[in-house]
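Good morning. I have one structure to show, and I will talk about its aromatic rings.

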Amino acid sequence: MAAYLADDDAEVHNLTHAAVQKNAMAAALNLTALVADAVIELAASNGSKPQQILRSLGQGETGESWYSSDPANHSPAQPGAVQVVYPASLDDYDWAMTEAKGWIEVVVHWSGREKAITFYDPTRLAQEVQSAMRVPGYFAERAVAVVPTVTREAIEAAVALMALRDFADVG
């Protein structure tokens, strides 16, 4: 995730780089909260849901999706297709519980590779960080992504965006 600002002279500044140099964790949490707020505000102004905004960001100009979330499809047919594998068959109740607890770990398959990614909502991530800061005194997790709410739609929209960068954001 990166934040850029264009000044009056159209010079672009990388705000993320400057913020991360001072306090990386605080910068990550603040930028995540800003992005979540921006998505929520955009959704409200368009009369849609945040998940719809995130999903629209993960689609091409013709509306095609850049990923496959079909758990039965273990070998995507199209090159570059991405598959999200959830921990189990999740029904509506399971998704409601997942959204309420604010996190889920999924496995993403793409281009013959796979990566476990933990998705958090901003509130749960802040709780995890605060807890880790007490014991053991630091927070570290290999592949973390933050979405406004932990729903299938938000996860798949975020995965579609990550796929554009070949999952470089999550190592």
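I will start with the chain as a whole and then go through the rings.

This is a predicted model. The protein chain has 6 helices and 6 strands. Starting at the N terminus, their order is β-β-α-α-α-β-α-β-β-α-β-α. The chain has 171 residues, and 32% of them count as buried. Its accessible surface is about 10,400 Å², with 53% belonging to carbon and sulfur atoms.

Now the rings. A pair of aromatic rings is described by the distance of the centres and the angle of the planes. How many aromatic pairs does the structure hold? There are 2.

Take Tyr-86 and Trp-95. Their ring centres are 5.3 Å apart and the planes stand at 80°; an angle over 60 degrees counts as edge-to-face, so that is what we call this pair. Tyr-86 has a relative accessible area of 9% and Trp-95 has 11%; buried means under 20%, so both residues are buried.

The other pair is Trp-110 with Phe-167, and it is tilted, with 4.2 Å from centre to centre and 40° between the planes. Both Trp-110 and Phe-167 are buried. Where do these two sit in the chain? Trp-110 is in strand β4, residues 103-110, while Phe-167 is in the segment after α6, which covers 152-164. The two are 57 residues apart in sequence, so the pair ties together separate parts of the chain.

Last, the charges over rings. Arg-152 lies over the face of Tyr-86, 4.5 Å from the ring centre. That is the Tyr-86 that pairs with Trp-95. Lys-101 lies over the face of Trp-103, also at 4.5 Å from the ring centre.

How values were computed
Residues numbered from 1 in each chain as written. Predicted model: local features only at pLDDT ≥ 70, side-chain atom pairs only at ≥ 80, totals over all residues. Heavy atoms only, no water. Phe/Tyr/Trp six-rings, centres within 6.5 Å; stacked < 30°, edge-to-face > 60°. Buried < 20%, exposed > 50% of the residue type's maximum accessible area, 1.4 Å probe, protein only. Helix = DSSP H or I, 4+ residues; strand = E, 2+ residues; numbered from the N terminus. Lys NZ or Arg CZ within 6 Å of the ring centre and 35° of its normal. Areas by Shrake-Rupley, 256 points an atom, 1.4 Å probe, with all protein chains shown as cover.
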